Amino acid sequence: IASGSEVDATEGMPTVELDDAGSPTITIPDADAPTETEVAVLKQGDGAVVGAGDLVTVQYRGVKWSDGTEFDSSWSRDAEPAQFQTSGVVTGFKMALEGQKVGSQVVVAMPPKDGYGASEGNELQNETLVFVVDILATTPIEQAP
């Protein structure tokens, strides 16, 4: 669970409530979906900064802006954190992680162009996506010579 200190909600962004286990419930605002990726910090951590291409350990939940239904969540898989490089995820997710500090929790709303918009036939192809992400750890990837 993100250990950072609470930050005031950003107007117009989805709201997030946590249960006792830290699992988020995401409420989509009654507003048009954003046309550019927007990131808001919910908890401000004080750990290491996530760098470009770092290997991150995160907990996350993703829902569709259109109807609020969940399409992916590490919390739904026995709450096992996910680990991946920021270079291996969709643009909006990368934007949500890089530059943030470990211990932070962020919410990101991304239009299809920064999500799966280019993936013809993907069920999320035309969806604006919302993720809540707890950033638990980051490890810089050594650049090969």
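These notebook entries record what I looked up in the structure, which is a predicted model.

**Entry 1. Salt bridges**

I began with the charged side chains and found three salt bridges. I took E36 and K113 first; their side chains meet in a salt bridge with an N to O distance of 2.9 Å. I then asked where the two partners sit: E36 lies in the loop between β3 (24–27) and β4 (38–44), and K113 in the loop between β8 (105–110) and β9 (129–139), so this pair ties together parts that are 77 residues apart in sequence. I noted the accessibility of each partner. E36 is partly exposed at 45% relative accessibility, whereas K113, at 53%, counts as exposed because the threshold for that class is over 50%.

Next I looked up R61 and E70, whose side chains form a salt bridge at 2.8 Å, N to O. Is R61 buried or exposed? I found R61 to be buried, with a relative accessibility of 12%. Its partner E70 counts as partly exposed at 39%.

I closed this entry with K94 and E98, a salt bridge in which the closest N and O atoms are 3.3 Å apart. K94 is partly exposed, at a relative accessible area of 29%, and E98 is also partly exposed, at 23%.

**Entry 2. Aromatic pairs**

I turned to the rings and counted five aromatic pairs. I examined Y60 and F93: the ring centres are 5.8 Å apart and the planes stand at 85 degrees, so I recorded the pair as edge-to-face. The pair links distant parts of the chain, with Y60 in strand β5 (residues 55–64) and F93 in helix α1 (residues 91–97), 33 residues apart. I checked the accessibility of both residues. Y60 is buried, with a relative accessible area of 8%, and F93 is buried at 4%.

Which residues do the ring pairs link into a cluster? I listed Y60, F71, F84, F93 and F131.

**Entry 3. Pockets**

I looked up the largest pocket and noted a space of about 190 Å³. Its lining consists of 17 residues, and those nearest the centre are E6, V7, V16, L42 and Q105. I asked which strands contribute: β2 (15–18), β4 and β8 each supply at least two of the lining residues. By class, I recorded 10 nonpolar, three polar and four charged residues in this lining.

The second largest pocket holds about 160 Å³ of space. I wrote down its lining as Y60, F71, D72, F84, G88, V89, V90, F93, Y116, L124 and F131. These residues divide into nine nonpolar, one polar and one charged. I noted an overlap with the previous entry: Y60, F71, F84, F93 and F131, which the ring pairs link into a cluster, appear in the lining of this second largest pocket.

**Entry 4. The start of the chain**

Finally I looked up I1, which is placed in the segment before β1 (5–6). I1 is exposed, with a relative accessible area of 55%. What does I1 touch beyond residues up to four places away in sequence? I found contacts with A21, G22, K43, D134 and L136. For A21 I also recorded the separation from I1: the two are 20 residues apart in sequence, and their C-alpha atoms are 8.1 Å apart in space.

Technical notes: Residues are numbered from 1 along each chain as its sequence is written. This is a predicted model: local features need pLDDT of at least 70, side-chain atom pairs count only at pLDDT 80 or more; totals for chains, interfaces and linings use all residues. Side-chain values use heavy atoms; hydrogens and water are left out. A salt bridge is a side-chain nitrogen of Lys or Arg within 4 Å of a carboxyl oxygen of Asp or Glu. Helices (H or I, at least four residues) and strands (E, at least two) are DSSP runs, numbered from the N terminus. Buried means under 20% relative accessible area, exposed over 50%, partly exposed in between (1.4 Å probe, protein chains only). On a 1 Å grid over the protein atoms alone, a cavity is a set of points where a 1.4 Å probe fits but cannot get out, and a pocket is an open set with protein on both sides within 12 Å along at least five of seven lines; lining residues have an atom within 4 Å of a point. Grid points are joined across faces, edges and corners, and a volume is the space filled by probe spheres set on the points. Ala, Val, Leu, Ile, Met, Phe, Trp, Tyr, Cys and Pro count as nonpolar, Asp, Glu, Lys and Arg as charged, and the others, Gly among them, as polar. Contact means heavy atoms within 4.5 Å. Rings of Phe, Tyr and Trp (its six-membered ring) pair if their centres lie within 6.5 Å; planes under 30 degrees apart count as stacked, over 60 as edge-to-face and the rest as tilted.
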